[in-house]
There are 2 protein chains.
Amino acid sequence: MITLPYQNVVLKNGFLYDKQMLNENVTIHAVYNRFYDTGRVSAFRCDWKEGQPKKPHVFWDSDVAKWIEGAAYILHKKKDPDLEVKIEEIIDEIEKNQCADGYFNSHFITCAPEKRFTNRDCHELYCAGHLMEAAVAYYEATGKDRFLKLMEKYVDCIEKAFVTEKTAKFETPGHQEIELALVRMYRATGKLRYLKLAKFFLDRRGFDPDIPILKNTQSHLPVREQKEAVGHCVRACYMYSAMADLALETNDRALYETCKAVFNDITTKKMYITGGIGSTRMLETFTIDYDLINDKAYAETCAAIALMFFAHRMLRFENDAVYADLIERILYNGMISGLSLDGKSFFYENPLEINLNNYKRFLSPEHSERFAITQRVEVFSCSCCPPNLNRVLASLGNYIYGYEGNTIYVNQFAGSEASVGNMKIVQKTDFPKSGKITLSTENVSTLCIRIPSWCEEYTVSAPYTVRNGYAVIEKPEKEITVDFKIVPLLIESNPEIYANNGKAAVCCGPFVCAGEAVDNIENLHSLFIDKNFEAYPSYDDALCGYRVTVRAYRKKPSQALYAKYSEAWEAFDLKLIPYAAFANRGESNMCVWFGVR
Amino acid sequence: MITLPYQNVVLKNGFLYDKQMLNENVTIHAVYNRFYDTGRVSAFRCDWKEGQPKKPHVFWDSDVAKWIEGAAYILHKKKDPDLEVKIEEIIDEIEKNQCADGYFNSHFITCAPEKRFTNRDCHELYCAGHLMEAAVAYYEATGKDRFLKLMEKYVDCIEKAFVTEKTAKFETPGHQEIELALVRMYRATGKLRYLKLAKFFLDRRGFDPDIPILKNTQSHLPVREQKEAVGHCVRACYMYSAMADLALETNDRALYETCKAVFNDITTKKMYITGGIGSTRMLETFTIDYDLINDKAYAETCAAIALMFFAHRMLRFENDAVYADLIERILYNGMISGLSLDGKSFFYENPLEINLNNYKRFLSPEHSERFAITQRVEVFSCSCCPPNLNRVLASLGNYIYGYEGNTIYVNQFAGSEASVGNMKIVQKTDFPKSGKITLSTENVSTLCIRIPSWCEEYTVSAPYTVRNGYAVIEKPEKEITVDFKIVPLLIESNPEIYANNGKAAVCCGPFVCAGEAVDNIENLHSLFIDKNFEAYPSYDDALCGYRVTVRAYRKKPSQALYAKYSEAWEAFDLKLIPYAAFANRGESNMCVWFGVR
C-alpha cells in the first residue's frame, strides 16, 4: 500500500490526537527551550571559542534538526509565527556559516575545520541526514526552499568527498541516517543522484577497511547479507528503513527479502513486549536471541521510533497487518513511555522493570552497576530522543491510513479524517477508550480495516473477509461500524526468554500494563497473578490508558531465610496502569512481568 | 562447649574423611606445585630483582603460609619427610631474610623496604597473621618452635610499630586476619601481650583517620557497634571470628552480643543456601538485605570458610546446634564447591547459577559484564582459596565434637574416633550415604547429638530430650544409635529475595542440589518443579553426594515471542546432583533455584 502522508490526515480526537496536542502545546517548546539553554541553538552561529562553555558537540546539529523537522510538521497544520521565526533564525545561521563547498557541521566548522570527514564515529553524516530531513519537512510544510537548497549544496559536497574525489577518510557513515534522508531528498526533488548516493552508502557497507567493533555499526557484512539484527539498535533500524526505501524505489527483491528476514529476526527474538529494542546499554546494541532482560533493558526511545520507521516502510511492501500491529505496539507503549504525561520530560532508556534495590546494592556509586534513571528528566547530554518524539508526534498522521488504487487501509484507530484523490474517509471513535469505530467513506471501492492482534472478539457491520490481518469489505456502505472488544489479556513470552521465566504480563487493548509499587507494595516480585486470569479494566484519562485490577496472590512475608516450600499465599488485588504511564507519580518500583500461579 | 581440636579426633570414613584424604593425597601437592611454579615459594628467598619475572606480590606470603598451615596439620597425623622438608626450606628463608627487628614480608623486603607499614591496603598485617597461624600450627603439630620464635619476634616488631612507637602510617589492618592469629599466638604461648595486641587492633577500628570506602574494611564504626555485616566478606568474617575469640578470652559480654547480632544478620538476610556469602564481586562485599543474586554470586570459597570459622567460635559460646548446622551447610556445599572432584582445581567465586548466554550477550569481551569463570582452574592470580582449602580439609577434625565437663557434643557426623581426658567416643556411620549413626562412648555422662535442621524424622535408641537442637541423652548406654531419615526436601527462600522469586531448591540431607544442562536440557530456566514434590534420591560415590530425580514440567517450546498465557506443559524428569559437584563434567548451564508449579 501507499501509506497516506500526514499532510492528508487530520487527527481529531483520542489517544494519538491527545499526544499530538501535548507535543504542539508543550513538548515542542520544552525541547526548544532546553536546546536553547544548553547552547545547541546558538551552536549554529559557529562562533564558539576555546575556553567558553557549551562547546558544540558532534551530534548537536542532529538534535536541533529533528526539532526543526517536528516544528515544520506543526507549521503545516497551523500558522505559528513564533516557531517559524525560530526555524528561520537557525536557517539564517546555516546559510551564513555553510562552507563555500556546501559543508555544514557546527561542531567541525567551529572546533576542528581541518578534521572534517576524517573520523567515522563523529556523526557528521548522521547530522547531515537529519538536517536534510528537516529541510525536506520544512519545504513540504511551508513551500519555502531556502533550507532545502542549502542542503542540496551539502549533498554535492558529500558526493564529492565520498564518491567523486574520495577525499573523506572513511567510506560509510558510523551512524546511519543519511541513507534514508537522501531517499527523502530524492523524493522531494526528483533528483536521482540523491537516491544513487543513498545506494552508494548502503552498498559500500561491509566493504570498508577494518574498523573496530564492525558489528556495532552493521559494517560486518554487505547489507544484503545482514539477515540478523546486530549492533546499535538505532543505527540498525535507520539502516533497515533506508534499505526498505531503496528496495521499494529500485524494485530490489533481494534487498526486500533481507529486510523481511531482519524484521522477523527482531520481532520474533529481540523485541520487548513494549516494542522496545536493545537489551544492553553497552554500545546500545541488540544482543543474542531471546536476551530480553527487564531491569537493564536499554530500549531507547529512539530505537523504538527507528523500529516503527522500519515497520512503516515494510507496510508499503506488504499489505500485512503485522506491521501496523507493531506500529501500534510502539506508539502506545515503548515510544510514548519516553515522554512524561505532562509532556516536559523524557526517558532515553525505557526499562521494563525498576527495582530500587538495584541502586542501593553497592557500597559506593563508583562500584555500582549502571541502571537506567528512574525518573524522566528535561534534558540529557545525549538528547536525541526528545526531538525524535517531537517529529514523530507532529507527524502521527503518517501512520493511520494507506491506499492502493481505490482501496483504503485503516492501519490505526483514531478519530480522524483523510483524503487522497477523490477518496475520503472519516473515522469516528474514542479509541482506545472504546473499541467501537465508525468509518464513513466516499469513492472507496474496498475498505480494509486492521483487526488488532490483541482482539479476540469483534463485530463488523458489513460482510467481510479476513486477509493478512485486515477485515476486507468490498463496496462498503457509506458507514461501516466495527467494534473491537477490549479486554485484558494475560500474555506469556517465549520460554527461551530467561528474564520472563514463569511470568506473564497483562495487556489491555493496545496497552501493555505495568504495576507500580505506589499502587501496590514495594516487593512487586512477591506478587503472582492467578493463572485463571480475572481482571477488571477501567479507562483513566489522566494516565492515558487502562487501569487494570488483577486477581493475584502474595507470598506471605517470612522471617526465615530458607524454609520448607509451602503454598502459603494470601489474596492480593494487583493494580496495573499503562506501561507508558510509569514513573509519573514519583520514584517507585515497577514491573511488567509477574509470576503466575 | 569446648570444641575438640583436630589433634583429638581421627576421621575414619565418610564424606569428610574422603575430602581430607583427597587433600592429603592430591590437593596439598597440587597447590604447592602451583605455588612453586608461580614463584610464590621462591619469593621467600627475597632475591627478586627488578626486571625479573614473578615479582613477589603483597599477598603471596599469606598464600604460602596457609599452605604451610595445612601441611602442618597433615604432619601431625603422619610423618611426611617431603612435606616437612618443603616447610623447613621456607622457614630457612624466613629466618635468613627476616629483618633484625623481626619484620618479615617477602614483597616489601624485596621490592620496597622503605615502604613497610605505610599502606594500609597492602596486606602486610594480613600476611603476618597467616604466617603466625602457620607457625602455631607447625609448632603444635611437630613440637618444633623455630618458626614460632621467628613470628614472636615479628609480633614484637608489629607491637612497636603500631603501639609503642607508632611509626606505622596506619593504625589498623586493611585486611583483617592478624587479630585472630594473635589470639592463636596467645593460646600457643600463654603470652597475654599477644591477646592485648589483638584487642588493640580490634578496639582501634572505627577510630582510624579518614580512609576511603570505610565500610568495605569494616572501619566505619567501632567494632562493638557493628551489628550489621558490611563490606568485604572475608575481612568481615575473619574479624567477627577474632571478636568472638576476644569476647571468649576476656569474657566480654557486649562484644559477644555484637557477634550474635552480626551472625543473625548474615544468616537471616545475607547468606546463600549453600552457606556462601557475598553478592557481588565489586569489592567482594556483602550488599543489602536479601540481595542474593545467583548468576553473579560472589560467594568466595574463602568467605564460606571465614563464615565457618565464625560459626565455630560462636559454638563455643552457645551450645546451640544452629552453629553446627551452618558449619555442615558450608562443609558440604559452599566451601567444598571450591574444589574439583579430582582435587586439583579451584573456584574463587561459587555462583549458584551458570547461564552460558551471559558470556555471549555482548559484542565484545571488553563491553561484557563480568561473570564468574565456569570451570575450575589450577591456580589464579589471587590464589587465597586453594591453600585455605588445604588448611581446612587437613583440620576437619576441629568441627566434629565438643565437650563440657563430662558431656560430649556430636556436632558433625563422620566415621571417627575421639578422646579428651578419660572420655572416649567412637562414631560409626557411613553418613551422609545413610543417616544411621552408632555412637560408643566411655566415661561420658551426657551425650548430645545434633539433630540436623534438615531432618524431619529420626529415631534415637535411648530416651532423650531435645535442647537447642541437640538430642540430649543422660547416662548413655555404651552404644547409642540414631537414625536420621535422609529424604529430599523442597526449600523456598524468603519472598524478599528477588532472585528466587517463585522458585525453590532441592536439598537432600546436608546437600543442596543443583541441576546441570549436561543431565537435562540447555534451557534449565524453562523447567518447573511440581509443587506436590516427588523426588528419588540415590547416592553417587563419584559425585560425593546424592543424585535426585525430581518430577518437573517443561514449558513447551514455542515460535511466538509473545502469546496468550497457556498451561501448556510437558512432564520432565529433572535430574539433580550435589551442588558442590557442579562444573566437573565440562562447561554447562547450572541452576540451584527452579520455578515451581
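In this predicted model, strand 20 of chain A pairs with strand 14 (residues 488-493) of chain B, the two being joined in the antiparallel sense by three bridges. Within this pairing, A:Tyr562 finds B:Ser493 of strand 14 opposite it.

The pairing belongs to a wider contact between the chains, in which 54 residues of chain A meet 54 residues of chain B. On the side of chain A that touches chain B, two or more residues come from each of helix 10 (253-269), strand 14 (488-493), strand 20 (562-564) and strand 23 (594-596) of chain A. Strand 14 of chain A makes the greatest contribution there, with five residues. As for the chemical character of that side of chain A, 23 of its residues are nonpolar, 20 are polar and eleven are charged.

How are the two chains related in space? A turn of 180° with a shift of 0.0 Å along the axis lays chain A on chain B, with an RMSD of 0.0 Å. The two copies are therefore related as by a two-fold rotation axis. Among the residues of chain A, the closest to this rotation axis is A:Arg597, whose C-alpha lies at 3.4 Å. The interface itself can be compared between the copies too: 100% of the interface residues of chain A are interface residues in chain B as well, so the copies meet through the same surface.

Turning to the fold of the individual chains, chain B offers an open sheet of six strands, arranged in the order 1-4-5-9-12-11 and with mixed pairing. Strand 1 (2-3) and strand 11 (465-467) of chain B occupy the edges; each has a single partner strand, so one side of each is left without a neighbour in the sheet. One of the pairings in this chain links strand 5 (residues 407-410) to strand 9 (residues 446-450) of chain B, which run parallel and are joined by four bridges. Here B:Thr407 has B:Thr446 of strand 9 of chain B opposite it.

A helix of chain A completes the picture. Helix 11 (residues 301-317) of chain A contains 17 residues and spans 25 Å from its first C-alpha to its last, close to the 24 Å expected at 1.5 Å a residue. Is this helix enclosed or left open by its surroundings? Of the 17 residues of helix 11 of chain A, 15 are buried, so the helix is largely enclosed by the rest of the structure. In general, an α-helix has 3.6 residues a turn, so residues three or four places apart point the same way.

Technical notes. Residues are numbered from 1 along each chain as its sequence is written. Chains are lettered from A and ligands numbered from 1 in the order in which they are written. This is a predicted model: local features need pLDDT of at least 70, side-chain atom pairs count only at pLDDT 80 or more; totals for chains, interfaces and linings use all residues. Two strands pair if DSSP finds at least two bridges between them. Two residues are in contact if their C-beta atoms, placed from the backbone, lie within 7 Å. Ala, Val, Leu, Ile, Met, Phe, Trp, Tyr, Cys and Pro count as nonpolar, Asp, Glu, Lys and Arg as charged, and the others, Gly among them, as polar. Copies are superposed by least squares on the C-alpha atoms of residues with pLDDT of at least 70 in both. The expected span of a helix is 1.5 Å times one less than its number of residues. A residue is buried if 20 or more other C-beta atoms lie within 10 Å of its own, exposed if 12 or fewer, and partly exposed in between; C-beta atoms are placed from the backbone.
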